[in-house]
Amino acid sequence: MASSSLSPWSMATLRAALPPSPSLRLSAVGYPAPSHFPSSARLSSVRGRTMPLRSFSGLAPMIPLLSLGTGDANFGQVFSNINNGSKYYAMRHGKRVPKLNRPPDQRKALLRGLTTQLLKYGRIKTTRARASAMRKYIDKMITLAKDGSLHKRRQALGFIYEKQIVHALFAEVQDRYGDRNGGYTRIIRTLPRRGDNAPMAYIELV
Amino acid sequence: MAGYVDPLVVGRVIGDVVDLFVPTISMTVRFGSKHVNNGCEIKPSMASDPPSVQIAGRLSDLYTLVMTDPDAPSPSEPLMRECLQWIVINMPGGTDPSQGEEVVPYMPPRPPVGIHRYVLVLFQQKSRLQDVIPPLSRANFKTRSFAAQNELGLPVATVYFNSQKEPASRRR
């Protein structure tokens, strides 16, 4: 596609061709539920001035237009036009949930199984990532047992796979962990696994 | 990680079985060809015979070796802590347990549930021990009280290993 055949561009002609400046365009873009739009007053004042709404492109990235229209640097790839107060990042910055290389349903099942086994056997040997991901759920179960009410018992029964373990836990947790505030597990790192050199650890109930 | 934490402290051997001590005598424990390091995994089938224990020290000193399992019957409910496996007394320094008197015969590890720690503790005797009565039962043994009874003081060496029940069917 030879660009020499096109007439030379200039920023002025381009800017004229575009809809008006990005900050105003933000409010002029059609939302599926305009009633939820918070600044409806601004919208109505702008509507009278701008051209009719184009096809819905509310979630398209603003960056190309921003970089054309204004000279400011945009910091990160933030979709700031999703107007429910959240920010959506393209990277994983700040997300602390361990994914364990599994989809969410399988991940939940894995953690439920691991906590059941740890409460049953007292000490198990797994990979370090799984051991450190489990701690939260073990502490949660022991906290439920410390409370001891029927509602908490039923919540524990919904998480742990074997009900004898839940009943045994609720019976013995007061003498065992009555004084201790949190930190009911201990992780001891060991030699890596032979098959895939995965770093292993023992996790045990304190 | 800042600082080096003794593996005996990490594995809670110091605390459950013995008190904090300063190791003065070097002790090497081997099951066949496998050397025992703190926290290594030993199969019960490998440990059916007593280990070969080599201790340093002068020939004139006498030592006592105690082997227990602090996680009996299960690490999550150690009701029978500790289960006694072996006691050898009057061992001269620089030799092995065959030169001492076996007060309690060696019982190989048989962990029923979970992963158990097996701790070998070496004490230095002040004098030759006579008439050491073996405990009535192996369960609910307390290494500290045994040491206090026979005036053994703090240990001079400790090592521990892990062991779990081997699956009955052959692993494919």
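**View 1. Chain B is built from three helices and nine strands.** This is a predicted model, so keep that in mind for every view here. Going along the sequence, the elements of chain B run α-α-β-β-β-β-β-β-β-β-α-β. Chain B has 172 residues, and 48% of them count as buried. Take the contacts in chain B with a separation of 6 or more: 75% of those come from residues 24 or more positions apart.

**View 2. E82(B) sits in a loop of chain B, between strand 5 (62–69) and strand 6 (83–92).** Who are the neighbours that E82(B) touches? Leaving out residues up to four places away in sequence, they are D16(B), V17(B), T68(B), D69(B), P70(B), R138(B), A139(B), N140(B), F141(B), K142(B) and T143(B).

**View 3. E82(B) is buried, but it has no salt bridge.** Which side chain of opposite charge is nearest to E82(B)? That would be K142(B), at 5.8 Å, and the cut-off for a salt bridge is 4 Å between a side-chain nitrogen of Lys or Arg and a carboxyl oxygen of Asp or Glu. K142(B) still turns up among the residues that E82(B) touches. What the side chain of E82(B) does have is a polar contact with the side chain of T68(B), at 3.3 Å.

**View 4. Chain A meets chain B through 14 residues on the A side and 17 on the B side.** Put together, the two chains bury about 1200 Å² between them, and 51% of that is on carbon and sulfur atoms. On the chain A side, Y121(A), R123(A) and Y202(A) lose the most area to chain B; together they make up 45% of what that side buries.

**View 5. R123(A) and D71(B) join their side chains in a salt bridge across the two chains.** The N to O distance in this pair is 2.7 Å. How many salt bridges are counted between chain A and chain B? Just one. Polar contacts add to the picture: the rule finds five residue pairs across the interface, with both partners at pLDDT 80 or more.

**View 6. Several elements of chain A feed the side that touches chain B.** Helix 5 (104–121), strand 1 (123–127), helix 8 (163–177), strand 2 (185–189) and strand 3 (200–205) each supply at least two residues. Sorted by class, this side of chain A has seven charged, six nonpolar and one polar residue.

Note on methods. Residues are numbered from 1 along each chain as its sequence is written. Chains are lettered from A and ligands numbered from 1 in the order in which they are written. This is a predicted model: local features need pLDDT of at least 70, side-chain atom pairs count only at pLDDT 80 or more; totals for chains, interfaces and linings use all residues. Side-chain values use heavy atoms; hydrogens and water are left out. Helices (H or I, at least four residues) and strands (E, at least two) are DSSP runs, numbered from the N terminus. Buried means under 20% relative accessible area, exposed over 50%, partly exposed in between (1.4 Å probe, protein chains only). Lys and Arg count as positive and Asp and Glu as negative; His and the chain ends are not counted. A polar contact is a pair of N or O atoms within 3.5 Å; within protein, one must be able to donate a hydrogen and the other to accept it, and residues adjacent in sequence count only if both atoms are side-chain atoms. Contact means heavy atoms within 4.5 Å. Buried area is the accessible area (1.4 Å probe) that two parts lose on being put together, summed over both. Ala, Val, Leu, Ile, Met, Phe, Trp, Tyr, Cys and Pro count as nonpolar, Asp, Glu, Lys and Arg as charged, and the others, Gly among them, as polar.
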